[in-house]
Structure formats: C-alpha cells, structure tokens
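Ready for a few exercises with a structure in hand? Keep the viewer open and try each task before reading its solution.

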Amino acid sequence: MAEVINMPRLSDTMEEGTVASWLKKVGDKVEEGDILAEIETDKATMEFESFNEGTLLHIGIQEGETAKVDTLLAIIGEEGEDISGYLNGDATSNDSEEKESSESEEKETETESSDSSEEQELPEGVIVVTMPRLSDTMEEGTVATWLKKVGDEVEEGDILAEIETDKATMEFESFQSGNLLHIGLEEGESAKVDSLLAIIGPKGTDVSGIAKNFKTEGADAKKEAPKAEVKKEAPKAETKKVEEKKEAPKASTSTSTSGRIFVSPLAKKMAEEKGVDLNQVKGSGENGRIVKKDIENFTPAAQGASVGKFVATGQEDFDEIPNSNMRKAIAKNLAKSKFTAPHYYLNVEYDMENAIAFRKQYNSIPDTKISYNDMIVKACALALKQHPQVNSQWFDDRMQLNNHVHIGVAVAVPDGLLVPVVKFANEQSLTQIGGAVKELAGKARNKKLGLDEMEGSTFTISNLGMFGIDSFTSIINQPNSAILSVGNIVEKPVVKNGQIVVGNTMQLCLACDHRTVDGATGAQFLQTLKGYIENPLTMVV
C-alpha cells in the first residue's frame, strides 16, 4: 500500500521548507534510511531520509519550490501501483465540501437569488480567466506585463501576461483559444487570487455585464461563472508544469527576438542571489532556456579594473533581495523576544592584562590553542552554576531554573545568524570548548548543523570583538533569560595605584529579562564573572 510523505517539520520554528535537491527520482527504488531529498528549513539545509521502502511513485514538490509543513512531498509504494486516488484525494474532498456547501446555500437562498443566478450565465464560448495561484503561498498577484491586448486572437498555449507572485515573476499561459474581450487588471495593478483577470470568447461578444457584475459582487460573482471552466484556467499543478515545459523561440540563446529572457524560476532565483546578469548567461536547456546548472557553472567574462555601478545624480537606485526562510525566522523570533521580554542592560569593563598573559602561556603548550572567546565561554559556564537565576528560562506558566549549563554561541552566516550550543560547558576544559566551538561554527557556515546541535541553550554569548566592535547590546535568545555581548580588547590609558598607565580592557553588556532576572541578580553574576576573567587561573584550578 502506498505511503504519502508530507513536508516534514525539521525544526521547532519551521513553518515551510524548500526542496534544495532530490537525491531520488520517480521510478527509483527506495530503502528505509535512504536520503530522499535535501530540504532548506529556516535554520539549515538538512538531509531528509525515508522511513519507508518501495518505489518512488510521485514527487509533489520540485527542486527550488517552497511549501508549507504537511504539504504533499512524495508518494512511495509498490512499482506500478495506482496512486490516482491519493493525488485526487484533496481535490475530491474539496469538491465534496464545496458541493455540500453549495447545496446548503441553495436551500437557504430565496427563489429570487436563484433566478438572478440564471440570468448571469455565461454566453456560449466565453471563458472567465481569474488571477491564478502560481505558488503555494501566493495570496495575490501583480500584472507585470500584458503580452496580449483587447481584440487580439489568443491560441491555446499563448502567453497572456507576466504575473508577479510572492516568489517570482512568471509567465501565464492561456488554456483556451478565442478573442481577448476584456482585461480586468492593468499593468502594475494587484489583486487577490481568483479575482477577475481577463475574459476570452468569440469576437464581438458583449461581456461588459459579466465584467461589471464580477467586480461589484466579489465572491458571489465567482459563483456565477461555471466553476469547472474558471478553475481550468489556473490549476496549480498544471501551471507549474507549463512553466517548466513552455517553448522559447527557436534560437541558440536564451533571449527571444523581443528581448525577453527564457529562464526557469529556480535559475532566476539563484541568479538574483548570486548577482548574475542573465543577459550574459547562455542557456543549455530546451531552445536555449537558462536552467539551474547554467547559473552554477557561469563565470563572468574577464574585465579590466573593477568599476562600481554608475548612478546618475539624483537618481534613485536599489537592489531587492528576497528573504530566505532563515532570515524570515530570525526576524520573527527576535521581534517576538524584543517586544515580549522586558530587556534591561548592565554594562561593565574588565581588566584583561592577566587574561592576555594567561592565554599566551596556555597556548605555549604544544598542539594547544585557545581564544579569548573560549575563555569567556568557560568563565560564563562556571559563573552560571553559582547564579541559576541567570541560567533560567521563562515560560508562560512557569520559570525553569536549569542545573545544567548549555551555552549558545552566536555564529554569523550569509543568511543571518545561527546559535550552535556547547552542552555542559562548565564540565569541559578550555581546549575541549575551543574544539567544540570551532567544529560547530564550521558546521553552521556550511549549513550542516543538526537540530540537536542548535537546541537546548540556557544562556547565549554574542562576540563582535573580533570585528573591532568595542561595545554593543544584543536581543535575548528566548526562552533564555540573558545574553552576553562581548566587545573588543582595547589598549588605552587606565589608572592603577593612582598612576596613569597603558592597559588593556574589554567591555561587556549583559541583557537580562526582567521577568526572571532582577538588576541585583544580574550585577552579582557579573561580579562573579569578573573574578574568573580577570584571574583566569581560577578557571583551571
């Protein structure tokens, strides 16, 4: 019996995923434990393995496409097994619900409404074209360009318009032949999915009444057009299929005689992310279409000295970068933390003379090297054991005082920020902490972190000192109660024993959640931390 596999929830905050690549294709044998695909979540690109064995009968989400959690991802079953019931299940269920709803409404509607509906029946051969749903998350679309105008003949397969969705600008083909009688949205206008886009039918047919009623009556107007015909214009699956298979003019390059570039949605997205000019790319797909591998293998032509883009005086110019799943998740989580947790900040400055000397001696041991950040992680771990209130977590119904110390270390990656976790940091040596941080940071930058390596932190450290930042504040990584911001070690004049001498200091800022950590509690933690950092030998004795 076939097994339906849905888009998995690969992280606690994941709401949608993007299929980065399929490692199996339809018809391949699948064993339990085989890697089916690589899926990009809001945190990392992760391998997704099969828990079933059989034959891969269907792929529901193509490479580069994004879908909500629990959306149909694939179907695995016996070779040759009929899966039409699984593919039509949702549609059948929806049609049944619509039918029941329609019957219920008809029973409650008066006879006048019934007569009015009959009057609005479409003339023979007239098709109402609505705004199609061209992506799984699309709620509205914008008409970027009309390639046909009112009065033009339209053949089945002709490109009617280019429509900008929430993910890309896509060509929209006609599934009918006829004459373009009416355009419901002008170029640059936006409308919700299923709004009136155009009307196609026999030349000379008067459709002014249809267009007027559709616009003014909103949702009721949609019922006046035969459902089967309206839906036929924009089925989700067929639109994607046509997008992949549409033909470009017969030419050896990816640009048509009209100047339009033929490129797959995934290749277009990759080009935007990499800053590749599509006009310079030669397509290797059907009829010169630019595909994924063309962008991956593209090498810009050799040029002279690098010259910045010229922008005329007074001219506005900008580049748009679509938000990645990770960037959206970071924005959501940090906004929630900033506006729900009452932050306050404690700033301190520590003398680093002993720490500098200690690190120099420690690193003189063969095959041993630690960083200042490793020393700070260790010092924080030891201080947190003495101040469990700072090592706590806030939940709506309780406060959790942790007896274990798991320290999250913020790592900058191209798409934003990841926080791998050094677990039981208080029990590890300085060299063990250094090795763990180095390994986790490497995995984070290569998007290879596992979920268990990013979860469970009880305290977080963010260090921008290596970037030359003297001091800064951070947003708490909930549900933790505090985060420590670490600045650069600065050489400057300091007062010692009444004399001005050259010294080395470092500024730190502790951001605390006032719901769990009072000001005095945070200050006591920083005093304990100062003892470890200014006298690092106490960390190893």
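The exercises below go from the whole chain down to single residues, and the model is a predicted one.

**Exercise 1. The chain as a whole**

Find how many helices and strands the chain has, and what share of its residues is buried.

*Solution.* Begin with the secondary structure: there are 13 helices and 26 strands. Next, turn to burial, where the cut-off is under 20% relative accessible area. Of the 541 residues, 43% are buried. Then look at the surface, which amounts to about 29,400 Å², with 49% of it belonging to carbon and sulfur atoms. Finally, consider the contacts with a separation of 6 or more: 62% of them link residues 24 or more positions apart.

**Exercise 2. A sheet of 6 strands**

Work out the strand order of the open sheet with 6 strands, and say which strands stand at its edges.

*Solution.* Step one is to read across the sheet: the order is S17-S26-S25-S24-S20-S23, and the pairing is mixed. Step two is to go to the ends of that order. Strand S17 (343-351) and strand S23 (421-423) each have a single partner strand, so one side of each has no neighbour in the sheet. Step three is the twist: on average, neighbouring strands are turned by 30° against each other, direction ignored.

Now add the helix. H11 (residues 372-386) packs on this sheet and touches strand S20 (406-409), strand S24 (459-463), S25 and S26. The direction of H11 makes about 155° with that of S24.

**Exercise 3. Inside the sheet: S25 and S26**

In which sense do S25 and S26 pair, and over how many bridges?

*Solution.* Strand S25 covers residues 482-496 and strand S26 covers residues 499-513. The two are antiparallel, with 13 bridges between them. To check the register, take Pro493, whose bridge partner in S26 is Val502. Then go to the loop between S25 and S26, where Asn497 is found. Asn497 has a positive phi, near 55°, though it is a residue other than glycine. With a relative accessible area of 82%, Asn497 is exposed.

**Exercise 4. A hairpin and its two faces**

Which side chains of S5 are buried, and which are not?

*Solution.* First place the strand. S5 (residues 45-49) is joined to S4 (residues 35-40) by 5 bridges, and the two run antiparallel. A hairpin of 4 residues connects S4 to S5, and Glu40 has Thr45 of S5 as its bridge partner. Next, recall the general pattern: side chains in a regular strand alternate between the two faces of the sheet. Last, apply it to S5. Met46 and Phe48 point to one face and are buried, whereas Thr45, Glu47 and Glu49 point to the other face and are not.

**Exercise 5. Local details**

Locate a cis peptide bond, a positive phi and a nonpolar surface patch.

*Solution.* For the peptide bond, go to Gln478 and Pro479: the bond between them is cis, with omega near 10°. Pro479 sits in the loop between S24 and S25.

For the backbone angle, try the loop between strand S7 (66-68) and strand S8 (72-77), which holds Asp70. Asp70 is not a glycine, yet its phi is positive, about 80°. Its relative accessibility is 54%, so Asp70 counts as exposed.

For the patch, select Met1, Val4 and Tyr86, which together have about 320 Å² of accessible area. Tyr86 belongs to helix H1 (residues 84-108) and is partly exposed, with a relative accessible area of 30%.

Conventions. Residues are numbered from 1 along each chain as its sequence is written. This is a predicted model: local features need pLDDT of at least 70, side-chain atom pairs count only at pLDDT 80 or more; totals for chains, interfaces and linings use all residues. Side-chain values use heavy atoms; hydrogens and water are left out. Buried means under 20% relative accessible area, exposed over 50%, partly exposed in between (1.4 Å probe, protein chains only). Contact means heavy atoms within 4.5 Å. Accessible areas come from the Shrake-Rupley method with a 1.4 Å probe; for residues, only the protein chains shown count as cover. Two strands pair if DSSP finds at least two bridges between them. Axes are lines fitted to C-alpha atoms, for helices over the stretch in contact, and angles run from 0 to 180 degrees between N-to-C directions. Patches are made of residues with over 30% relative accessible area and no salt bridge: like charges are joined within 9 Å, nonpolar side chains (Val, Leu, Ile, Met, Phe, Trp, Tyr) within 5 Å. A salt bridge is a side-chain nitrogen of Lys or Arg within 4 Å of a carboxyl oxygen of Asp or Glu.
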